[in-house]
Amino acid sequence: MTAIMKRELSAYFKSPIGYVFIAVSFLFSGFFFWYFALAVGSTDISFVFLGMFYVYMIFVPVLTMRLMADENKQRTDQLLLTAPLGLMRLVAGKFLSAYIVFMLGDVVMLLYGVVLSFFAAVNWAIILGNFVALALIGAIFVSAGLFVSTLTESQMVAAIGSIALNAALALINVLASVVPIQAVSDVIKQLSVFDRYYEFTTGIFSLGGVIFFVSAVVIFLFLTVRVLERRRWA
Amino acid sequence: MIEVRHLTKSYGPKKAVNDISFTAEDGQVLGFLGPNGAGKSTTMNMLTGYISSTEGQAFINGVDILEDPIKAKSFIGYLPEQPPLYFDMTVDEYLSFVYSLKKCRLPKKSHLAEICDIVKLNDVRGRLIKNLSKGYKQRVGFAQALVGNPKVLILDEPTVGLDPKQIIEIRTLIKRLGKNHTVILSSHILPEVQAVCDRIVVINKGRIVANDNADSLARNLSADHKLVMHIEGSTDEIKKILDSITDVERVFVGRQIDERVYEYHVEAKEGADVRRDIFRKLAARNYPIIMMRSNELSLEEVFLKLTTGDEYGGAEKIETKFDRLEKGENNK
């Protein structure tokens with residue numbers, strides 16, 4: 001697992017992708033920080049995090065698109081799948097490498113809180129709640145992206161597919177309001193990633209929410225393993 | 001040791017590999033021979049656990065590849081048809097990645113140095129793989145298979161795309177490795193298999209059509225009581241002389257080779273050796289024999305005979321077609 005993770009990390013920083021992702025993270029979060037906090041003199045940076053939610057929805061797929069698609073295309077999956085290594089470890093290594101790069105971009109958000117604290121009293125509960133929520137949602141986006149990347153040989157298809165999947169995950173709550181059947185609507189609401197996310201941003205740290213996010217990640221990683229396994233049996 | 005029992009791989013109704021069984025012993029180089037699309041790569045992918053079999057079993061050192069894949073895979077070094085290389089890594093980085101991927105426990109520095117020595121990669125160890133020539137890329141793929149000193153080596157067309165000097169080097173290397181590894185090597189090039197392998201399995205359309213050592217494969221299918229000769233002199237006279245020899249059953253006069261030199265096909269009784277008689281009789285009448293050979297099938301011909309059921313393997317048919325084209329009879 002560490003071998004895979006190290007290789008992927010080094011691949012991220014040998015190509016521009018790793019730097020581009022982190023730069024985009026810094027650029028957008030910096031802009032949102034200025035626009036929603038510095039320019040209006042507010043200490044509430046929830047909107048900065050909310051903005052980043054949508055940025056990551058679109059940009060995390062750029063990070064994950066090549067994870068398996070490129071292996072499938074270059075036939076290097078033959079090396080990985082014939083090595084004495086369990087599929088779970090392979091998938092975990094891939095996931096962790098992308099997640100580490102994601103967190104390198106994400107961690108700057110804490111710095112904004114620190115910067116604000118020099119000028120005014122900040123509500124750390126809300127900032128940390130937002131930070132944890134974004135870190136968890138990032139894990140979902142990374143695992144979903146890894147899953148889609150496993151399905152195809154084309155990085156482009158992987159990227160577009162992941163963006164669509166992320167958008168569907170993030171916006172599923174919209175569907176709840178238009179479904180006329182109450183029971184179905186309730187189920188959809190329970191699945192809403194955004195509602196869970198919103199809970200955190202108000203500074204409420206809910207264990208249920210953490211379990212929800214972690215389960216979603218585990219499901220996507222499990223599906224990824226299944227896809228790799230199914231290809232063997234096809 | 002590799003043991004394959006009734007291995008089958010179906011893609012829907014199509015059977016890419018159909019009920020094949022064979023064994024490769026320790027210290028043996030087994031050649032897997034067949035035309036393109038015969039099922040060689042599919043079989044190798046099943047042996048290495050890249051794809052699963054539909055039916056049947058494959059044992060690597062006694063371990064079933066589907067029962068305990070991780071253990072079975074730890075015995076295998078695999079060079080797929082297209083070497084699985086990461087172009088953004090240097091040779092050294094790549095090999096040490098493979099080293100940790102295979103959870104190798106040998107002393108890293110000396111082990112990798114030894115491998116680079118064996119496959120002659122020392123000059124390019126610091127270079128990016130994407131900048132290497134095809135021959136070097138193939139060698140890096142080979143080196144990757146050797147990491148961890150696996151007992152079993154599975155090599156899918158290891159010499160494809162190499163220049164003749166490199167081909168000879170790789171063949172020598174395989175022969176050397178074959179002494180203390182079990183090697184399975186696939187190829188559609190006969191001389192290669194003939195030069196390197198102890199045993200040959202010929203596969204066609206997913207089925208094994210022959211499984212024997214190289215020499216007896218050629219011998220079993222050849223007919224050494226048939227002779228081909230080039231003789232100078234009048235065809236009528238020579239045919240008469242040849243016909244008069246005891247044990248000669250049939251004589252055909254073939255094409256003209258040179259001025260006054262024709263080709264003759266002589267078929268004697270099975271087991272009879274008429275070469276000395278022919279020499280004496282023709283010498284007595286002063287008809288020089290320019291060339292004489294027994295019509296033993298080369299492995300190429302054996303191969304074509306096995307895979308197409310026809311000595312000339314369709315080559316003749318194409319030739320006739322070309323002849324017709326030349327004569328302007330193509331519309332027939």
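**Helix packing, sheets and chain contacts in a predicted two-chain model**

In α12(A), the buried residues are Gly209(A), Phe212(A), Phe213(A), Ala216(A), Val217(A), Phe220(A), Leu221(A) and Thr224(A). The structure described here is a predicted model, and the values below are computed from it. An α-helix has 3.6 residues a turn, so residues three or four places apart point the same way. The partners against which the buried residues of α12(A) pack are α6 (87-106), α8 and α11 (193-201) of chain A. The length of α12(A) was compared with that expected of a helix: because each residue should contribute 1.5 Å, the 27 residues of α12(A) should span 39 Å, and the 38 Å that separates its end C-alpha atoms agrees with this.

Elsewhere in chain A, Leu116(A) is found in helix α7, which covers residues 108-117. Leu116(A) counts as buried because it has 20 C-beta neighbours inside 10 Å, the cut-off for a buried residue being 20 or more. When neighbours within four places in sequence are left aside, Leu116(A) is in contact with Ala37(A), Thr43(A), Ile45(A) and Val122(A). By contrast with these contacts, Gln78(A), which is 38 residues from Leu116(A) in sequence, lies 50 Å from it in space, C-alpha to C-alpha.

Contacts between the two chains involve 17 residues of chain A and 21 residues of chain B. On the side of chain A that touches chain B, two or more residues are given by each of α1 (2-14), α5 (77-81) and α12 (207-233) of chain A, and the largest share, 4 residues, comes from α1(A). Classed by residue type, this side of chain A has 8 nonpolar, 5 polar and 4 charged residues.

In soluble globular proteins, nonpolar side chains tend to be buried together. The largest nonpolar core of the model has 134 residues, of which Ile140(A), Tyr94(B) and Ala143(B) touch the most other members. Helix α8 (residues 124-151) of chain A supplies the largest share of this core, 15 residues. For Ala143(B), the residues touched are Leu95(B), Ile115(B), Cys116(B), Val119(B) and Leu121(B), if those up to four places away in sequence are not counted. A second core, separate from that one, has 12 residues, among them Ile231(B), Val266(B), Ala268(B) and Leu282(B).

Chain B contains 12 helices and 14 strands, and 38% of its 332 residues count as buried. Among the contacts in chain B with a separation of 6 or more, 67% are accounted for by residues 24 or more positions apart.

One open sheet of chain B is formed by 4 strands in the order β2-β1-β4-β5, with antiparallel pairing. Its edge strands, each of which pairs on one side only, are β2 (14-24) and β5 (63-64) of chain B. The antiparallel strands β1(B) and β2(B) are joined by 7 bridges, and within this pair Glu3(B) stands opposite Thr23(B) in β2(B). The two strands form a hairpin with 2 residues between them, and in the turn Gly12(B) has a positive phi of about 65 degrees. Strand β1 (residues 2-11) of chain B is also joined, again in the antiparallel sense, by 5 bridges to strand β4 (residues 55-60) of chain B, where Glu55(B) in β4(B) stands opposite Thr8(B). Helix α1 (residues 40-47) of chain B packs on this sheet and touches β1, β2 and β4 of chain B, its direction making about 115 degrees with that of β1(B).

Another open sheet of chain B has 4 strands in the order β12-β13-β11-β14, and its pairing is antiparallel. The edge strands in this case are β12 (248-258) and β14 (289-294) of chain B, each pairing on one side only, while neighbouring strands are turned against each other by 20 degrees on average, direction ignored. Over 5 bridges, strand β11 (residues 226-232) of chain B pairs with β14(B) in the antiparallel sense, and Arg293(B) in β14(B) is the bridge partner of Val228(B). Helix α9 (residues 235-244) of chain B packs on this sheet, where it touches β11, β12 and β13 (261-268) of chain B, and its direction makes about 155 degrees with that of β12(B).

Notes: Residues numbered from 1 in each chain as written. Chains lettered and ligands numbered in written order. Predicted model: local features only at pLDDT ≥ 70, side-chain atom pairs only at ≥ 80, totals over all residues. Contact = placed C-beta atoms within 7 Å. Nonpolar A, V, L, I, M, F, W, Y, C, P; charged D, E, K, R; others polar. Core = buried A, V, L, I, M, F, W, Y, C linked by C-beta atoms within 7 Å. Expected span 1.5 Å × (residues − 1). Pairing = 2+ DSSP bridges. Axes fitted to C-alpha atoms, helices over the stretch in contact; angles between N-to-C directions.
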